Amino acid sequence: MRIGDTTTQATLTDNATARAFAATLPATVQMSDMLERELYGALPEPLPAPKSDRQTDYQAGQLVYWPPGPGLAVYYEHAGPPVPEPGMVVLGTIDEGLDAFTGLDGTAQVTIARAD
């Protein structure tokens with residue numbers, strides 16, 4: 001993942017939504033800060049999101065898909081209430097470089113690609 005001049009690393013979760021997301025890469029998403037806990041942006045196309053994989057709680061460092069959006073979020077801090085129903089699907093976890101998502105003013109362009 002590239003945000004500004006910083007490259008971060010993430011590991012995708014093994015579920016149908018993450019596999020469908022990986023098939024769309026590389027992707028660039030315009031993201032905005034939301035609730036001082038996450039960067040959020042719209043994906044061009046919806047992904048499959050089985051109800052059995054959805055959850056309402058989150059952890060800092062998670063990359064998630066929010067099906068009503070269709071939205072992509074990176075949680076950089078655990079603060080505030082859980083997300084509302086219908087929940088979200090965890091796509092993966094930021095392994096290193098989570099601090100690149102904090103302290104941004106306004107919006108950021110995030111490019112996500114597979115590692116070689």
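Modeller: Helices (H or I, at least four residues) and strands (E, at least two) are DSSP runs that are numbered from the N terminus. The model here is predicted, so that local features need pLDDT of at least 70 and side-chain atom pairs count only at pLDDT 80 or more, while totals for chains, interfaces and linings use all residues. Residues are numbered from 1 along each chain as its sequence is written, and side-chain values use heavy atoms, with hydrogens and water left out.

Colleague: How many helices and strands does the protein chain have, and which pattern does the chain follow?

Modeller: The protein chain contains one helix and nine strands, and reading along the sequence gives β-β-β-α-β-β-β-β-β-β.

Colleague: What does the radius of gyration of the protein chain agree with?

Modeller: The radius is taken over C-alpha atoms, and the globule rule is 2.2 Å times the number of residues to the power 0.38. For 116 residues a compact globule would come near 13 Å, and the protein chain, at 13 Å, agrees with that. Along its principal axes, the C-alpha trace spans about 35 × 35 × 25 Å.

Colleague: What share of the residues counts as buried, and what share of the contacts joins residues 24 or more positions apart?

Modeller: Buried means under 20% relative accessible area, exposed over 50%, and partly exposed in between, with a 1.4 Å probe and protein chains only; on that basis 41% of the 116 residues are buried. Contact means heavy atoms within 4.5 Å, and of the contacts with a separation of 6 or more, 70% come from residues 24 or more positions apart.

Colleague: Which residue in strand E4 could serve as a case of burial?

Modeller: Met31 lies in strand E4 and, at 0% relative accessibility, counts as buried. Not counting residues up to four places away in sequence, Met31 touches ten residues listed here as Leu39, Tyr40, Gly41, Leu72, Ala73, Val74, Gly106, Thr107, Ala108 and Val110. Gln62, placed in strand E6, is likewise buried, with a relative accessible area of 12%. Leaving aside neighbours within four places in sequence, the contacts of Gln62 include Gln55, Asp57, Tyr75 and Val90.

Colleague: Where do the cis peptide bonds at Pro70 and Pro86 occur?

Modeller: Most peptide bonds are trans, and most residues other than glycine have a negative phi. In this model, a cis bond joins Gly69 and Pro70, with omega about -10 degrees, and Pro70 sits in the loop between strand E6 (62–66) and strand E7 (71–75). The peptide bond from Glu85 to Pro86 is also cis, with omega near 20 degrees, and Pro86 belongs to the loop between E7 and strand E8 (89–96).

Colleague: What is phi at Leu35 and at Glu36, and are these residues buried or exposed?

Modeller: Leu35 has a phi near 60 degrees, a positive value in a residue other than glycine, and Glu36 has a positive phi near 50 degrees. Leu35 lies in the loop between strand E4 (27–34) and strand E5 (38–42), and Glu36 is placed in the loop between E4 and E5 too. Leu35 is exposed, its relative accessible area being 59%, and Glu36, at 62%, also counts as exposed.
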